[in-house]
Amino acid sequence: MKVSEIEHMLSSHGIRPTANRIVVAQALSSHDGSYTLAELEDTIGTIDKSGIFRALTLFKEHHLVHVLENSSDGVRYELCKSHNDEHDDDTHVHFYCERCMKTLCLPHLSIPQVQLPQGYEVATVNYMVKGVCPDCSRKR
């Protein structure tokens, strides 16, 4: 994405587009998939881990990143295609391949609705399916 598109995306989510936030968002947008914090640090190179983490935390609060948990390498971050800073309208299933250890998006598969008992409030949903991806299946 161009810098102007990144700035617009940040602003539309209620995030002031600072230089660091633009760089982090641009790195996320240039990759079709998810990053660990360490991978982002290696990719960006000009911002330290704490600066990247602060940007990611803010992005999460404004529904601009998905935080994927339970993969072999810990927490991963993926740019969210949500159009709303109040709630995430881009929830979808993720797949973790136990052979190649990649986490893949399945954006065409929506997360099923879960009816929680009265009094419970959903903050976030992390729907991870684990198994073997098609590439690894063909290699057998």
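**Entry 1, helix 2 against helix 4.** I began with the contact of two helices, in which Arg21, Val24, Ala25 and Leu28 of helix 2 meet Ile52, Ala55, Leu56, Leu58 and Phe59 of helix 4. Sorted by class, this contact of helix 2 with helix 4 holds eight nonpolar residues, no polar ones and one charged residue. I note here that the model is predicted, and I read every entry with that in mind. For the geometry, I looked up the axes of helix 2 (residues 19-29) and helix 4 (residues 49-61), which come within 9 Å and cross at roughly 75°. Angles of 65 to 115 degrees count as roughly perpendicular, and helix 2 and helix 4 are therefore roughly perpendicular to each other.

**Entry 2, the largest pocket.** I turned next to the empty space, and found that the largest pocket holds about 740 Å³. I listed 25 residues in the lining of this pocket, and of these Thr91, Val122, Ala123, Thr124 and Val125 lie nearest its centre. Helix 4 and strand 1 (65-71) are the elements that give two or more residues to this lining, and I recorded that strand 1 supplies the largest share, with five residues. By class, I divided the lining of the largest pocket into 11 nonpolar, 10 polar and four charged residues.

**Entry 3, the open sheet.** My last look was at an open sheet of three strands, whose order is 4-3-5 and whose pairing is mixed. Strand 4 (103-106) and strand 5 (128-131) stand at the edges with a single partner strand each, so one side of each is left without a neighbour in the sheet. Ignoring direction, I noted that neighbouring strands of this sheet are turned against each other by 30° on average.

**Entry 4, strands 3 and 4.** Within that sheet I followed strand 3 (residues 93-97), which pairs with strand 4 in the antiparallel sense over four bridges. Tracing the partner of Val93, I arrived at Leu106 in strand 4. Strand 3 and strand 4 form a hairpin with five residues between the strands, and there I found Met101 with a positive phi near 65°.

Notes
Residues are numbered from 1 along each chain as its sequence is written. This is a predicted model: local features need pLDDT of at least 70, side-chain atom pairs count only at pLDDT 80 or more; totals for chains, interfaces and linings use all residues. Side-chain values use heavy atoms; hydrogens and water are left out. Axes are lines fitted to C-alpha atoms, for helices over the stretch in contact, and angles run from 0 to 180 degrees between N-to-C directions. Angles under 35 degrees count as roughly parallel, over 145 as roughly antiparallel, 65 to 115 as roughly perpendicular and the rest as oblique. Contact means heavy atoms within 4.5 Å. Ala, Val, Leu, Ile, Met, Phe, Trp, Tyr, Cys and Pro count as nonpolar, Asp, Glu, Lys and Arg as charged, and the others, Gly among them, as polar. On a 1 Å grid over the protein atoms alone, a cavity is a set of points where a 1.4 Å probe fits but cannot get out, and a pocket is an open set with protein on both sides within 12 Å along at least five of seven lines; lining residues have an atom within 4 Å of a point. Grid points are joined across faces, edges and corners, and a volume is the space filled by probe spheres set on the points. Two strands pair if DSSP finds at least two bridges between them.
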